[in-house]
Amino acid sequence: MRRAIQLASLGLGKAAPNPCVGSVIVYEDRIIGEGFHRLYGTAHAEVNAVNSVKAAERHLLSKSTIYVTLEPCHHYGKTPPCVDLILENKIPKVIIGCRDPNPKVGGKSIEKLKQNGVEVTVGILEKDCWEVAKRFMTFFTKKRPYIILKYAKSKDGFIGKLNKQVWITGSQSKRLVHKWRNEEGSILVGTNTAAIDNPSLTNRLWYGKNPLRLVIDTKGKLNLNLNLFDDKAETKVFKNSAIELMLKALSDLKINSLIVEGGATLLNSFIEKGLWDEARVFTGNCYLEDGIAAPNLPKNEPIETKIIGQDKLEIFKFQDTNSH
């Protein structure tokens with residue numbers, strides 16, 4: 001299952017709005033096939049795993065175990081149901097990381113497999129399997145995108161200067177942020193950040209697709225010559241600053257992840273409403289002495305701390321007693 005999780009993570013930024021899923025086929029403690037969901041609209045992890053089995057070993061499928069990080073699909077979408085593929089190949093044992101929260105699946109595949117005499121085990125490394133598919137899981141369990149807050153602050157706790165662009169982090173951190181943009185469905189800034197910093201919000205220092213760019217402009221005062229409105233990526237303007245309406249619009253577009261890269265006011269509005277899942281906070285190797293205070297993130301310990309060049313990166317998770 002750990003190998004299946006590794007494989008699943010390779011689909012990040014490409015499988016959406018589908019989940020990142022990995023699958024491994026084992027015969028007598030030997031992996032004979034493996035795969036992951038590479039790209040939305042193409043074959044799922046289980047199909048790629050079965051197809052990777054050498055022709056000379058196809059007969060072993062009927063004596064093998066298939067591991068999959070998420071319950072196999074039960075319905076026709078862009079591709080046929082994976083549960084039928086498992087039954088067609090007479091694979092006798094299925095190990096599933098976590099159930100699919102999509103009501104079109106939601107335990108139906110597990111039932112169908114059991115009804116056809118397949119031995120099914122559910123909940124192996126469930127937390128890790130949930131984590132690798134967290135954008136998809138959040139979309140169905142919370143009816144909104146997975147929300148990542150991202151900002152940089154100085155060593156003395158400031159996020160920037162009033163009406164002035166300030167660079168706090170170094171080039172390595174900037175490149176990492178562009179990698180993150182490729183992994184997510186959308187990215188949001190407020191009016192002031194768009195006007196003062198004139199960001200492009202593309203992943204030009206990385207590769208792959210750009211996220212959908214979002215900007216709040218309640219008074220319609222943003223200059224259309226700003227980088228946000230170039231042809232490098234699509235941009236959606238919100239005339240209403242209500243976060244809930246924005247998240248509903250993204251859900252309707254089947255966008256299951258959002259990076260909030262705005263200023264302190266925008267970030268604090270998400271924090272105050274408890275509408276975030278993860279915060280990625282850089283502390284740059286500089287002092288600003290005065291300026292705009294960094295957002296008021298609830299006091300909790302980071303789940304991860306890294307040194308990126310001369311910057312410190314801390315990753316926080318929203319503490320929800322009802323979540324995984």
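I took two strands as paired if DSSP finds at least two bridges between them. The model is a predicted one, and the entries below follow from it.

**Entry 1: the E14–E15 hairpin**

I began with strand E14 (residues 304-308) and strand E15 (residues 311-317), which pair in the antiparallel sense over 5 bridges. I looked up the partner of Thr305 and found Glu314 of E15 opposite. E14 and E15 make a hairpin with 2 residues between them. In that turn, Gly309 has a positive phi of about 65°.

**Entry 2: backbone outliers**

I next went through unusual backbone angles. Most residues other than glycine have a negative phi, and most peptide bonds are trans.

Which peptide bond is cis? I noted the one from Ala16 to Pro17, with omega near 5°. Pro17 sits in the loop between helix H1 (2-9) and strand E1 (22-27).

Asp29 is not a glycine, yet its phi is positive, near 65°. I placed Asp29 in the loop between E1 and strand E2 (30-36). Is Asp29 buried or exposed? I recorded Asp29 as exposed because its relative accessibility is 81%, with the cut-off for exposed set at over 50%.

Asn163 is another non-glycine residue with a positive phi, here about 55°. Its loop runs between strand E7 (158-160) and helix H7 (171-183). Asn163 has 62% relative accessibility and therefore also counts as exposed.

I added Gly274, which comes just after H10 and has a positive phi of about 70°.

**Entry 3: helix H10 and the nonpolar cores**

I listed the buried residues of helix H10 (residues 264-272): Ala264, Leu266, Leu267, Asn268, Phe270 and Ile271.

I then turned to the cores. The largest nonpolar core has 40 residues, and Ile25, Val94, Leu113 and Met137 touch the most other members. I followed Met137 further: leaving out residues up to four places away in sequence, Met137 touches Leu70, Cys98, Arg99, Pro101 and Trp130. Another core, of 29 residues, lies apart from the largest one. Among the members of that other core are Met246, Ile255, Leu266 and Phe270. Leu266 and Phe270 are also on my list of buried residues in H10.

**Entry 4: the largest pocket**

I read off a volume of about 1,100 Å³ for the largest pocket. Its lining holds 44 residues. Which of them lie nearest the centre? I found Thr193, Asp197, Glu261, Gly262 and Gly263 there. The elements that contribute two or more residues to this lining are strand E6 (146-153), E7, H7, helix H8 (191-197) and H10. By class, I sorted the lining of the pocket into 18 nonpolar, 18 polar and 8 charged residues.

**Entry 5: the cavity**

How many cavities of 30 Å³ or more are there? I counted 1. The largest cavity has a volume of about 90 Å³, and 15 residues line it. Closest to its centre are Asn18, Pro19, Cys20, Arg135 and Asn256. Helix H6 (residues 134-141) gives the most to this lining, with 3 residues. I noted the classes for the lining of the cavity as 8 nonpolar, 4 polar and 3 charged.

Definitions and conventions: Residues are numbered from 1 along each chain as its sequence is written. This is a predicted model: local features need pLDDT of at least 70, side-chain atom pairs count only at pLDDT 80 or more; totals for chains, interfaces and linings use all residues. Side-chain values use heavy atoms; hydrogens and water are left out. Helices (H or I, at least four residues) and strands (E, at least two) are DSSP runs, numbered from the N terminus. Buried means under 20% relative accessible area, exposed over 50%, partly exposed in between (1.4 Å probe, protein chains only). A nonpolar core is a set of buried Ala, Val, Leu, Ile, Met, Phe, Trp, Tyr and Cys residues joined through side-chain atoms within 4.5 Å. Contact means heavy atoms within 4.5 Å. On a 1 Å grid over the protein atoms alone, a cavity is a set of points where a 1.4 Å probe fits but cannot get out, and a pocket is an open set with protein on both sides within 12 Å along at least five of seven lines; lining residues have an atom within 4 Å of a point. Grid points are joined across faces, edges and corners, and a volume is the space filled by probe spheres set on the points. Ala, Val, Leu, Ile, Met, Phe, Trp, Tyr, Cys and Pro count as nonpolar, Asp, Glu, Lys and Arg as charged, and the others, Gly among them, as polar.
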